[in-house]
Amino acid sequence: MESFYKTHQYLVEHLDFPLRRKLMDDICWEDRLIGIKGSRGVGKTSFLIQYAKEKFFSDDKECLYINLNNFYFTVKAIKDFANEFQLKGGKVLLIDQISKYPDWASELAYCYDHYPDLQIIFAGSSVLRLKDEFSPIVNKVVSYNLCGFSFREFLELQTQCQFNVYSLDDLIHHHQDIANEITSQIRPLAYQEAYFHHGFYPFYLEDYNFSENLLQTMNMMLEVDVVSIYQIELSYLPKLRKLLYLLSTATPGGPNISQLSIDIETSRATVMNYIQYLKDARLINLLYPEGEDFPKKPVQLYMQNSNLLHAMRTIRGETQLLRETFFYNQLQKDYKVNTGAGNAQFLIDGQYLFNVGDRIKGKFDPNVYYAIDGIESGERKVIPLWLFGFLY
């Protein structure tokens with residue numbers, strides 16, 4: 001146990017993460033079992049350690065961070081470790097890489113039932129299904145999603161300015177005032193291209209080649225998260241990788257399931273399952289008409305964020321695809337995104353139709369809101385596209 005305390009203290013004292021994530025304020029920290037889900041690379045480990053740094057002194061043994069990558073947990077059960085920790089006065093156990101441990105959900109449920117004075121906060125892959133009706137923790141855990149950097153967060157890092165988070169209703173009704181306030185401090189359009197290329201994943205801050213790091217991260221999502229959690233035979237990994245590439249080069253548009261099943265030499269049903277796995281891993285986004293969902297075929301398919309789009313294909317001249325990918329990505333955290341109607345690509349929360357582009361094409365539609373690229377400020381139903389990056 002003492003070696004884990006030392007590791008915890010070292011990590012807290014040497015954490016150098018330059019941005020406080022908004023999710024830190026959204027979580028109800030009083031709950032006894034909290035799950036933080038997120039795709040690989042979005043900063044789950046830093047988030048856990050940042051919480052420990054904010055709430056406890058580095059040498060306070062009431063809080064402890066552990067990583068289940070440690071080989072010690074091949075022979076030590078989580079429930080036994082948790083029992084030992086709480087008997088020594090531990091109050092908050094932070095568990096990273098939860099999916100690396102077999103039968104983790106049952107053990108967390110045991111801890112919840114038997115150690116009422118112990119709080120467990122754990123982080124795991126976005127592929128984990130914490131609310132599955134058959135999960136032993138379904139009625140015990142409160143789960144949250146940690147996303148990559150929003151455009152707002154990226155701007156804060158680049159400019160050292162602080163910006164508010166706004167709701168969609170804020171943007172719809174007050175976008176001119178909001179945009180004027182922001183543009184009085186910075187020129188957001190000067191940073192947009194960089195964000196599209198590398199601003200979503202926190203590891204762009206590291207001194208490594210971002211594109212190579214992102215490709216490695218994507219492969220880890222497939223090899224570790226999808227293959228392991230869904231228990232897919234490793235021999236099928238090349239099919240998954242090929243499918244992801246084919247989907248990336250086909251966007252925007254709906255996937256041709258029959259052709260994809262031929263291309264990767266598997267059944268249509270398997271292709272659809274693989275597509276859902278890729279969505280759960282937050283590698284792609286699926287767009288359905290309102291009221292429809294998996295297992296139906298999506299009408300449109302996008303990469304999950306613009307950084308992935310840059311990594312997978314040459315997108316020179318495809319700025320419209322980047323715009324739509326960005327818009328979907330920034331809204332999906334807190335809003336339901338469906339296929340729009342008429343000249344609107346998106347329907348948000350079943351209420352707002354949005355056309356995303358660089359200008360209003362054709363006749364102005366009073367029933368549609370326009371997310372327009374290349375402008376700092378809008379008017380009435382014309383809203384700058386970059387402003388949707390301030391939703392979280």
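Colleague: How do the residues of the lining of the second largest cavity divide into nonpolar, polar and charged?
Modeller: This is a predicted model, where local features need pLDDT of at least 70, side-chain atom pairs count only at pLDDT 80 or more, and totals for chains, interfaces and linings use all residues. Residues are numbered from 1 along each chain as its sequence is written, and side-chain values use heavy atoms, without hydrogens and water. Arg 32, Leu 33, Leu 108, Cys 111, Tyr 112, Leu 118 and Ile 120 form the lining (atoms within 4 Å of a point on a 1 Å grid over the protein atoms alone; in a cavity a 1.4 Å probe fits but cannot get out). With Ala, Val, Leu, Ile, Met, Phe, Trp, Tyr, Cys and Pro as nonpolar, Asp, Glu, Lys and Arg as charged and the others, Gly among them, as polar, the split is 6 nonpolar, no polar and 1 charged.

Colleague: Which helix gives the largest share of the lining of the second largest cavity?
Modeller: That cavity has a volume of about 40 Å³ (the space filled by probe spheres set on grid points joined across faces, edges and corners). Helices here are DSSP runs of H or I with at least four residues, strands are E runs of at least two, and both are numbered from the N terminus. The largest share, 3 residues, comes from residues 104–114, helix α5.

Colleague: And what volume does the largest cavity have?
Modeller: Its lining includes Arg 21, Asp 26, Glu 153 and Lys 333. By class, that lining divides into 4 nonpolar, 1 polar and 5 charged. The space in the largest cavity is about 80 Å³.

Colleague: Which element gives the most to the lining of the second largest pocket?
Modeller: A pocket is an open set of points with protein on both sides within 12 Å along at least five of seven lines. The second largest one holds about 690 Å³, and among the residues closest to its centre are Gly 41, Thr 45 and Glu 206. At least two lining residues each come from α3, β4 (119–125) and α9 (210–229). The element that gives the most, with 5 residues, is α9.

Colleague: How much space lies in the largest pocket?
Modeller: Happily, there is plenty to say about its lining. Asn 145, Lys 279, Asp 280, Arg 282 and Gln 332 are the closest to its centre of the 33 lining residues. By class, the lining has 14 nonpolar, 10 polar and 9 charged residues. The space in this pocket is about 850 Å³.
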